Amino acid sequence: QVRLVESGGGLVQAGGSLRLSCASSGRTLRTYAVGWFRQAPGSEREFVGVISWTGAQKYNADLVNRFRISRDNANNRVYLHMDNLKNEDTAVYYCAADNARIGVESSDYDDWGQGTQVTVSS
């Protein structure tokens, strides 16, 4: 069981960049895969990317050229770097942890943060 907190969201102009953080309180993320998902109002939750405990990564093919995930194990954080943001990137972004798989489905994960809002304006 991992307790996750996302931060770093906000309002950004189209073409800009943001870095979201996913922090674990109380225990290390070292042995967990950490995924990022997003959900816009009225839409299904969408896979963004995942980084395994070994550093292997998978990405949504539509986002791989603009989004990147990294780990900072010393500070027990996982980051989502987002570049060249577009209006359609507006959503609540969530991080999630799993200790048994590198999943691309929401149902693959048991532990979720509360989400952080990213709003991209044109």
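**Exercise 1. Find the neighbours of V92, leaving out residues up to four places away in sequence, and place V92 in the fold.**

Solution. Start with the contacts: once residues up to four places away in sequence are set aside, V92 touches F37, R38, Q39, G115, T116 and Q117. Keep in mind that this is a predicted model. Next, look up the element: V92 sits in strand β9. Now try a distance. V92 and C22 are 70 residues apart along the chain, and their C-alpha atoms are separated by 13 Å.

**Exercise 2. What pattern does the chain follow along the sequence, and how does its radius of gyration sit against the globule rule?**

Solution. Count the elements first: there are 11 strands and 0 helices. Written in order, that gives β-β-β-β-β-β-β-β-β-β-β. The radius of gyration is 13 Å, close to the 14 Å that the globule rule gives for 122 residues, so the chain is as compact as a globular protein of that length. For the outline, take the principal axes: the C-alpha atoms fill a box of roughly 40 × 25 × 25 Å.

Then turn to burial and contacts. Of the 122 residues, 46% count as buried. Among contacts with a separation of 6 or more, 57% come from residues 24 or more positions apart.

Finish with the surface and the charges. The chain exposes about 6200 Å², with carbon and sulfur atoms supplying 43% of that area. There are 13 positive and 13 negative side chains, and the centres of the two sets lie 7 Å apart.

**Exercise 3. Which side chains of β1 point to the buried face, and which to the other?**

Solution. Here's the general idea to begin with: in a regular strand, side chains alternate between the two faces of the sheet. Apply that to β1, residues 3–7: L4 and E6 point to one face and are buried. R3, V5 and S7 point to the other face and are not buried.

Now find a partner strand. β1 pairs with β3 (residues 18–25) in the antiparallel sense, over 5 bridges. To pin down the register, use R3, which stands opposite S25 in β3.

**Exercise 4. Compare the two ends of β1: is V2 buried or exposed, and what is the relative accessible area of G8?**

Solution. V2 lies in the segment before β1. Its relative accessibility is 4%, and the cut-off for buried is under 20%, so V2 counts as buried. Leaving aside neighbours within four places in sequence, V2 is in contact with S24, R27, L29, Y32, A97 and D111. For a distance, take T31: this residue is 29 residues from V2 along the chain, with 11 Å between the C-alpha atoms.

G8 belongs to the loop between β1 and β2 (10–13). Its relative accessible area is 37%, which makes G8 partly exposed. Not counting residues up to four places away in sequence, G8 touches L18, R19, L20 and T116. The T116 contact spans a fair bit of sequence: G8 and T116 are 108 residues apart, yet 7.2 Å apart in space, C-alpha to C-alpha.

**Exercise 5. Why can β4 be called largely enclosed, and which strands pair with it?**

Solution. Check burial first. In β4 (residues 33–39), 6 of the 7 residues are buried, so the strand is largely enclosed by the rest of the structure.

Then go through the pairings. β4 and β9 run antiparallel, paired over 7 bridges, and A33 stands opposite D98 in β9. β4 is also joined to β5 (residues 46–51) by 5 bridges, again antiparallel. In that pairing, W36 has G49 as its bridge partner.

Last, look at the connection. β4 and β5 form a hairpin with 6 residues between them, and G42 in the turn has a positive phi of about 75 degrees.

**Exercise 6. Where do N76 and N84 sit, and how much of each is accessible?**

Solution. Take N76 first. Its phi is near 55 degrees, a positive value in a residue other than glycine. N76 is in the loop between β7 (67–72) and β8 (77–82). With a relative accessible area of 15%, N76 is buried.

Now N84. Phi is near 50 degrees, also positive in a residue other than glycine. N84 is in the loop between β8 and β9 (91–98). Its relative accessible area is 41%, so N84 is partly exposed.

Key:
Residues numbered from 1 in each chain as written. Predicted model: local features only at pLDDT ≥ 70, side-chain atom pairs only at ≥ 80, totals over all residues. Heavy atoms only, no water. Helix = DSSP H or I, 4+ residues; strand = E, 2+ residues; numbered from the N terminus. Rg over C-alpha atoms; globule rule 2.2 N^0.38 Å. Buried < 20%, exposed > 50% of the residue type's maximum accessible area, 1.4 Å probe, protein only. Contact = heavy atoms within 4.5 Å. Areas by Shrake-Rupley, 256 points an atom, 1.4 Å probe, with all protein chains shown as cover. Lys, Arg positive; Asp, Glu negative; His and termini not counted. Charge placed at Lys NZ, Arg CZ, Asp CG, Glu CD. Pairing = 2+ DSSP bridges.
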